[in-house]
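Ready for some practice at reading a protein model? Take a look at the sequence and the structure, then try the exercises.

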Amino acid sequence: MPAVESLPVYEVYALRYATRAARRAEHFVGGDPHDADMPMDYFTWVVKSATRAFIVDTGFTAAMATRRRRTYLRCPVDSLEFLGLKAESIEDVILTHLHYDHVGNFARFPSARFHLQERELHYATGRNMKYPFFAHGFEVEEVIGIVRLNYAGRVELHSGTVDLAPGLTLHPAPGHTAGLQVVRIHTRRGWLVLASDSMHFFENMTSDRPFTVGYHLGEMVEAFRTVEKLAASPDHIIPGHDPLVMQLYRAPSPELEGVCVRLDADPVRPAPASPHFRR
Ligand SMILES: [Zn+2]
C-alpha cells in the first residue's frame with residue numbers, strides 16, 4: 001500500500017443529465033408522513049487525474065427518457081466535452097450497477113473496459129429477473145449488451161474490493177441491487193465516496209430508511225455504514241440521485257451552472273450527516 005501522500009489526487013465531477021418530479025413517499029420504504037415534493041436528479045460522474053480519466057456510470061439515452069417519462073436535460077456522454085474529454089478515448093468505465101439509468105450509453109465508449117462486480121451480472125441474468133419488481137430497473141437489451149461485451153473481453157468482473165488505480169478503489173455495497181459497488185477516490189480534500197444508489201438521497205442514510213427499490217433491505221442499511229466507513233467525513237459522501245448535490249457543490253465554471261459540479265472541492269455548507277458516522 002503506498003503512503004497516502006504519494007497517491008495521486010483526482011478531480012471528481014458530477015454531471016446532471018435528467019430529472020423527474022416525485023413525492024417524498026416514493027423514496028422511503030414504508031412511505032413518509034410528509035406529503036411533499038421530492039424530485040430526483042440523474043447523474044454520471046467523472047474522475048480525472050493528470051494522466052487518466054474514469055467515467056462512473058453512463059446514464060440513459062433521450063429515447064429511454066421518453067419511454068420511462070423522465071425529463072431529459074442533456075446527454076451525459078456529450079457533456080464530457082465540458083471537461084475536455086471524448087467518449088471514444090475513455091479507457092475505463094466503472095459501472096456501479098446495471099440499472100438502466102447507470103448503464104445506457106455504454107455503446108458510446110468503444111475503447112473502454114467496463115468494471116463491474118461479477119455478482120451484479122449474475123443478479124441481472126438470474127432467477128430474480130422473472131419478477132417485475134426486481135426486473136423493472138433493468139433493460140434486458142442493455143444487460144445482453146454487457147454480456148456481449150464480456151464475450152468480447154471488455155468487461156472486468158470483480159469480486160469484492162478492487163484497487164483499480166492508485167488512490168481509486170471499488171467496494172461492494174449491495175442491497176439496492178445484489179452487486180452494487182461504490183467508488184472511493186483520493187482527492188485533495190481526502191477520501192471521497194461516490195455512493196451511487198447505495199443511497200439515492202442523503203436522507204435514506206441519515207434516517208436509516210432504504211429507498212423503495214431494492215434487493216435486500218438489511219443490506220441496504222448496512223451499505224450506509226459501509227459508505228460512512230470509507231468516507232473521510234459526512235461531507236465526502238455523494239449519493240446517487242439527490243438534487244442537493246447540485247446545491248452543495250459549485251459549478252466548475254458559470255456556463256456549467258445546473259449541469260456540472262466539482263466534488264473534490266469543499267461543499268458550500270455541511271452535507272447532511274447520520275448519527276452513526278465515526279471519524
Ligand atoms: Zn439509479
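Below are three exercises, each with a worked solution.

This is a predicted model, in which local features need pLDDT of at least 70 and side-chain atom pairs count only at pLDDT 80 or more, while totals for chains, interfaces and linings use all residues. Residues are numbered from 1 along each chain as its sequence is written, and side-chain values use heavy atoms, leaving out hydrogens and water.

**Exercise 1.** Describe the overall build of the protein chain.

Solution.
- Start with the secondary structure: the protein chain has nine helices and 13 strands. These are DSSP runs, numbered from the N terminus (helices: H or I, at least four residues; strands: E, at least two).
- Next, check the radius of gyration, taken over C-alpha atoms. At 17 Å it is close to the 19 Å that the globule rule gives for 279 residues, so the protein chain is as compact as a globular protein of that length. The rule itself is 2.2 Å times the number of residues to the power 0.38.
- Then look at burial: 58% of the 279 residues are buried, meaning under 20% relative accessible area with a 1.4 Å probe, protein chains only.
- Finish with contacts (heavy atoms within 4.5 Å). Of those with a separation of 6 or more, 68% are between residues 24 or more positions apart.

**Exercise 2.** Find Asp264 and work out what its side chain reaches.

Solution.
- Locate the residue: Asp264 lies in the segment after β13 (260–262).
- Judge its exposure: with 2% relative accessibility, Asp264 counts as buried.
- Look for partners: its side chain reaches the backbone nitrogen of Val12 at 3.2 Å. The side chains of Asp264 and Arg262 are joined by a polar contact of 2.8 Å. A polar contact is a pair of N or O atoms within 3.5 Å; within protein, one must be able to donate a hydrogen and the other to accept it, and residues adjacent in sequence count only if both atoms are side-chain atoms.
- Add the wider surroundings: not counting residues up to four places away in sequence, Asp264 touches residues including Tyr10, Thr187 and Arg189.

**Exercise 3.** Is His171 buried or exposed, and which side chain does it join through a polar contact?

Solution.
- Place the residue: His171 sits in strand β9 (residues 168–172).
- Read the accessible area: at 11% relative, His171 is buried.
- Find the polar partner: the side chain of Thr169, at 2.7 Å.
- Complete the picture: beyond four places in sequence, His171 touches Thr161, Leu180, Gln181, Val182, Arg184 and Leu230.

Conventions:
Buried means under 20% relative accessible area, exposed over 50%, partly exposed in between (1.4 Å probe, protein chains only).
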